[in-house]
Amino acid sequence: VVQRLSGFDKHLQAIHAREANAQRITPPLIPGILNVRDLTVCRPDGEILLDKISFDLSQGERMLIMGPTGAGKSTLLRAIAGLWPFCSGIIRTAEESTLFVPQRPYIPLGSLAEALLYPNLSEQNDSKDRLAFVLMNVGLADLVTELDHADQWFQRLSLGEQQRLAFARIFLSEPDIILLDEVTSALDEESELKLYQLLCEASWRPTIISVGHRTTLRKYHDRLLNVTAFQAGIDLQTSKTGMAKMLGVVHGGLSQMAEPSN
């Protein structure tokens with residue numbers, strides 16, 4: 001056990017050293033656009049999952065990431081959000097706010113109102129009327145009377161209800177860039193349709209990247225990225241150290257409001 005812990009510690013130190021020495025490249029940034037250049041996403045052992053992905057998204061554009069199970073769709077989304085360190089390339093945005101929403105959203109202990117406002121608990125300026133309106137819009141009208149009620153909401157709510165609550169958070173925080181990871185997997189197609197229509201019609205015109213398996217998701221997006229075109233199966237391990245070369249991703253001006261998953 002001691003040997004394994006020591007090896008793990010050396011592995012982390014090597015990764016941090018490479019990140020510190022990584023070349024920081026800052027290409028010209030076009031305001032209002034998410035720029036991804038030569039993004040390579042790896043497993044922790046150095047095996048390449050997806051190789052050299054590049055794309056640009058303008059404000060209001062919606063892109064769907066699709067591919068077979070295990071192809072790296074969710075890992076790619078986490079890399080774009082800055083939550084996956086085993087990657088190399090460039091990701092640039094202007095000063096937009098970004099919200100990453102996992103399949104099972106994190107719900108803290110406390111009142112339902114606090115669960116709705118998470119992670120911006122310090123900014124509780126939203127009126128109860130607005131919270132109630134958003135709850136009704138996402139199909140949680142039965143919970144309007146319980147906004148001040150403290151409970152273990154992560155246990156009380158079904159996964160489908162938790163995913164509806166995650167959409168409510170989106171409409172309350174109005175982030176500029178939204179990264180959605182299988183966020184309607186526990187909902188029926190009719191509910192999925194209503195929630196995505198609300199997003200598509202949102203007045204602040206967010207840029208959206210979704211991961212999903214359902215073909216019904218395609219009609220809510222302008223662009224499709226099939227990750228099978230970027231699968232490589234190449235090992236980046238070096239012969240000297242036996243560890244992967246992880247140069248790190250440059251996230252320029254990326255303001256994150258990432259939700260941890262339970």
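A salt bridge is a side-chain nitrogen of Lys or Arg within 4 Å of a carboxyl oxygen of Asp or Glu. The exercises below apply this definition to a predicted model, in which a search of the whole structure finds nine salt bridges.

**Exercise 1.** Determine which residues are linked with Arg 156 in a network of salt bridges.

Solution. The network joins Arg 156 to Glu 146 and Asp 151.

**Exercise 2.** Establish which parts of the chain the pair Asp 56 and Arg 37 ties together.

Solution. Step 1: the N to O distance between the two side chains is 2.9 Å, and Asp 56 and Arg 37 meet in a salt bridge. Step 2: Asp 56 belongs to strand 2 (residues 48-57) and Arg 37 to strand 1 (residues 34-42), so the pair ties together parts 19 residues apart in sequence. Step 3: Asp 56 has a relative accessible area of 31% and is partly exposed; Arg 37, at 33%, is also partly exposed.

**Exercise 3.** Locate Arg 223 and Glu 61 in the chain.

Solution. Step 1: their side chains form a salt bridge at 3.7 Å, N to O. Step 2: Arg 223 lies in strand 10 (residues 223-226), while Glu 61 lies in the loop between strand 2 and strand 3 (62-66); the pair thus links distant parts of the chain, 162 residues apart.

**Exercise 4.** Classify Asp 148 and Lys 128 as buried, partly exposed or exposed.

Solution. Step 1: the closest N and O atoms of this salt bridge are 2.6 Å apart. Step 2: exposed means over 50% relative accessible area. Step 3: Asp 148, at 59%, is exposed, whereas Lys 128, at 40%, is partly exposed.

Notes
Residues are numbered from 1 along each chain as its sequence is written. This is a predicted model: local features need pLDDT of at least 70, side-chain atom pairs count only at pLDDT 80 or more; totals for chains, interfaces and linings use all residues. Side-chain values use heavy atoms; hydrogens and water are left out. Helices (H or I, at least four residues) and strands (E, at least two) are DSSP runs, numbered from the N terminus. Buried means under 20% relative accessible area, exposed over 50%, partly exposed in between (1.4 Å probe, protein chains only).
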